[in-house]
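Grab your viewer and let's work through a few exercises. Each one has a task and then a solution you can follow step by step.

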Amino acid sequence: MLPRPKLNAFQKKILAAGIPVVLLAGLWLSGNSTAVTTPIELTLKPDTGAAATDTAGQSEPDPKQETYTIQRGDTLSQLFDARHIPANVLHRILEADSEYLALETLMPGTELTFQFDDQQALAALSLKLDPARTVTFSRQDDDSFQYGLVEADTHWESQILTGRIEGSFYRSGLRAGLTDAQVVSLGQILKHKIDFRRALRAGDPFAVIIGHEITDDGDEATGKTRIEGATLIRGKTTYTAFLHYDGNYYDQYGESVLPAFLRWPTQRHYRVTSSFDPNRLHPVTGRHAPHNGVDLGTPSGTPVMSTGDGVVSRIGNHPYAGRYIDIDHNGSFETRYLHLSKILVRRGQHVKRGEKIALSGATGRVTGPHLHFEFHIKGRPVNPLTAKIPTAASVPRAELAGFKAKVHREMALMDEAVDPSRQLLAQKQSD
Ligand SMILES: [Zn+2]
């Protein structure tokens, strides 16, 4: 059975503070709906010279800077044409973006800022990804563009959502206020411990702690959320998962709830033709730029595997990165596979560790066939072949005491939250 430690005053305050946030769940939901928004086309069209029709408000003499909000149906080449920016400038920006694919995530509502020099040539293009992050492509002396990311300080605010199983786990999760993506992620986190189809019974209670990323200045939600903890009670058994700062999920005893990642995305180990390097001299351009992954010398047609369980978050075809796949592994981890010849999955598809997702190839700008493979931890690319990735089965011994203290606090909060009478009590006491 669950221990039921008494809440101290601080925990009661957090719990009480959690209640009004729960009422805002609808707002959070609308803020997170970008997952179902269609990204704009990145197709490069030949420069036809035809200016786009909607240039309202841009007839002022020589604007140095213009901010434009992406509309559904926009394409980058149309936006550049409308501003008389030559197609080769867009190509150079996409070249700078090939290690990041930031322009591939353009969504309706995203703000683009064009900065022009005295000759009305494009000096910089900025892209406000969310209230905390702005990417800027700045023109260099050699007319190439350089990628830069400015990030504001943020913190995470927690919200507790509770519910009971009625019908499917998926519907029960949505009813409790989780977003579609959060239910899918929670399902993937817990599915190795519990059989959702057979084991659950109507009325089984669950609680989930959702973290929302908030800017320190301005108190704005960035739209990023994460599952910080979850409990699901089935009879005498409590299933739990807690996010550790390594990005992995562990149960209350510190045992990993997810299977380890595979280190290699291929059955065989191929020669590394270009290693992960934050400051690589590029073989084609001759410029220094990060190489955010490893290049494996795979012959075209080599089967490519997802290195972990996850959901296909993006599929695209980039003029430099070629055909590519992004896989989201429960929030903290992402893998990316470039230059593919054939993609065997679709966006939104659940994939298993070791599942064949594509055939390698030589699409995009390459010197020869290879697989470019990236591993990201919390949005940062790391060396996939050497980084500390969750291949560990449990929280390291030295971190266990801290982990258990956090688990104890969070379990107490969730445990109280699934019992409404106690929740009301906590609310009353805070009034
Ligand atoms: Zn590469």
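Below are three exercises on this predicted model.

**Exercise 1.** Find which residues coordinate the zinc ion, and work out which parts of the chain the two histidines tie together.

*Solution.* Start at the metal: the donors are His291 through NE2, Asp295 through OD and His372 through ND1, at 2.0 to 2.2 Å. Next, look at the spacing, which reads H-x3-D-x76-H in sequence. His291 sits in strand 13 (residues 288-291) and His372 in strand 21 (residues 371-377), so this pair links parts that are 81 residues apart in sequence. Finally, check exposure: His291 and His372 are both buried.

**Exercise 2.** Work out which strands pair with strand 21, and whether its faces are covered or open.

*Solution.* Take the partners one by one. Strand 14 (residues 294-296) runs antiparallel to strand 21, with three bridges, and here the zinc donor Asp295 has His372 as its bridge partner. Strand 18 (residues 333-343) is also antiparallel, over six bridges; one of the pairs is Phe333 with Ile377. Strand 22 (residues 380-382) adds three antiparallel bridges, and Phe375 partners Val382 there. Now the faces: Leu371, Phe373, Phe375 and Ile377 are buried on one side, and His372, Glu374 and His376 on the other.

**Exercise 3.** Place Thr363 and decide: buried or exposed?

*Solution.* First, locate Thr363 in the loop between strand 20 (356-360) and strand 21. Its relative accessible area is 17%, and the cut-off for buried is under 20%, so Thr363 is buried. Then check its surroundings: a polar side-chain atom of Thr363 lies 2.9 Å from the backbone nitrogen of Arg323, and its contacts farther along the sequence include Ala321, His339 and Leu340.

Notes. Residues are numbered from 1 along each chain as its sequence is written. This is a predicted model: local features need pLDDT of at least 70, side-chain atom pairs count only at pLDDT 80 or more; totals for chains, interfaces and linings use all residues. Side-chain values use heavy atoms; hydrogens and water are left out. Donors are N, O and S atoms within 2.8 Å of the metal (3.2 Å for Na, K and Ca); water is not among the atoms, so sites may look incomplete. Helices (H or I, at least four residues) and strands (E, at least two) are DSSP runs, numbered from the N terminus. Buried means under 20% relative accessible area, exposed over 50%, partly exposed in between (1.4 Å probe, protein chains only). A polar contact is a pair of N or O atoms within 3.5 Å; within protein, one must be able to donate a hydrogen and the other to accept it, and residues adjacent in sequence count only if both atoms are side-chain atoms. Contact means heavy atoms within 4.5 Å. Two strands pair if DSSP finds at least two bridges between them. Lists of a residue's contacts leave out its neighbours within four places in sequence.
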